Amino acid sequence: ISLLKLEKIAKQLTVRARVSPDHEWFELLAYVTDSRVRPYLHPVRDPSGRIILSDDRPSDHPWQHGIFTGFHGMVNGHEYWMENDGQQRFVRLLDVKEEANRVSWRALTHLVDPAGHVVAEEEDSIAVHAPAARDSYRIDFDFRLRARTEPVTFGKSGVGGLAVRMPWEKANPRQTHLNSDGLRGRQCEQKRAAWCNVERPFGNEIF
């Protein structure tokens, strides 16, 4: 009995969930597959489907999109983070799989330099697991980078890779961070760690 299913529509792959076979389906998250932009997950909802946990194109950082990848000032000297130099372009879905409690897909993205040359390929592997509890579910996200015909150099940067954008209120910032070394808040920034927890309240609940 399936608790997850995928729906393909124009420029989007939607994951729907239900808590049991006798409940209605609801949207859990969506994966944007628009060839004009980088692919990304948004909206990403809580396990009930009621609360949107991600943000897309916020006014303070319009290049941020839910859960996404990007590279800042580093790929052969071009910036693939703020989308104003190098560009990431969704190409196609490579495969899509549906199981009763898990759906997954692989997607191909091109990194295109300002001259229009594809310098590297990015292959994203994403798996969404059915909520096992009222307060959580799991998304596995892996990405692999491949050079095309020429060497590709990544420079050092404090920003880039896998990113998650949650709603942020300038007048009342309420997000908190905690990493595996016990560092909190700004102390976590640009620090290596086995994991980093990011949370903020939504109404009376914290996610």
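How many salt bridges does the structure hold? The count comes to 17, and we'll walk through a few of them once the overall picture is in place. Keep in mind that this is a predicted model.

Let's start with the fold. The protein chain has 15 strands and 0 helices. Its radius of gyration is 18 Å, close to the 17 Å that the globule rule gives for 207 residues, so the chain is as compact as a globular protein of that length. If you drew a box around the C-alpha atoms along the principal axes, it would be roughly 55 × 40 × 30 Å. Among contacts with a separation of 6 or more, 44% join residues 24 or more positions apart.

Now the surface. Of the 207 residues, 41% count as buried. The accessible surface is about 11700 Å², and carbon and sulfur atoms make up 48% of that. As for charge, the chain carries 29 positive and 29 negative charges, and their mean positions sit 0 Å apart.

That brings us back to the salt bridges. Side chains of opposite charge can pair when their charged atoms come close. Take Arg-36 and Asp-34, whose side chains meet at 2.8 Å, N to O. Arg-36 counts as exposed because its relative accessibility is 54%, over the 50% cut-off. Asp-34, on the other hand, is at 9%, under the 20% cut-off, so it counts as buried.

Next, look at Glu-121 and Arg-148, which form a salt bridge at 3.7 Å, N to O. Glu-121 lies in strand E9 (residues 118-129), while Arg-148 is in the loop between strand E10 (139-147) and strand E11 (160-164), so the pair ties together parts that are 27 residues apart in sequence. Glu-121 counts as buried at 17% relative accessibility, and Arg-148 is partly exposed at 40%.

A third pair is Arg-200 with Glu-169, at 3.3 Å, N to O. Here both partners sit in loops: Arg-200 between strand E13 (196-199) and strand E14 (201-202), and Glu-169 between E11 and strand E12 (176-179), so this salt bridge ties together parts that are 31 residues apart in sequence. Arg-200 is buried, with a relative accessible area of 7%, whereas Glu-169 counts as partly exposed at 33%.

Finally, some of these salt bridges share partners. Asp-95, Arg-106, Glu-121, Glu-123, Arg-146 and Arg-148 are joined in this way into one network, and it takes in the Glu-121 and Arg-148 pair we met above.

Notes:
Residues numbered from 1 in each chain as written. Predicted model: local features only at pLDDT ≥ 70, side-chain atom pairs only at ≥ 80, totals over all residues. Heavy atoms only, no water. Helix = DSSP H or I, 4+ residues; strand = E, 2+ residues; numbered from the N terminus. Rg over C-alpha atoms; globule rule 2.2 N^0.38 Å. Buried < 20%, exposed > 50% of the residue type's maximum accessible area, 1.4 Å probe, protein only. Contact = heavy atoms within 4.5 Å. Areas by Shrake-Rupley, 256 points an atom, 1.4 Å probe, with all protein chains shown as cover. Lys, Arg positive; Asp, Glu negative; His and termini not counted. Charge placed at Lys NZ, Arg CZ, Asp CG, Glu CD. Salt bridge = Lys/Arg side-chain N within 4 Å of Asp/Glu carboxyl O.
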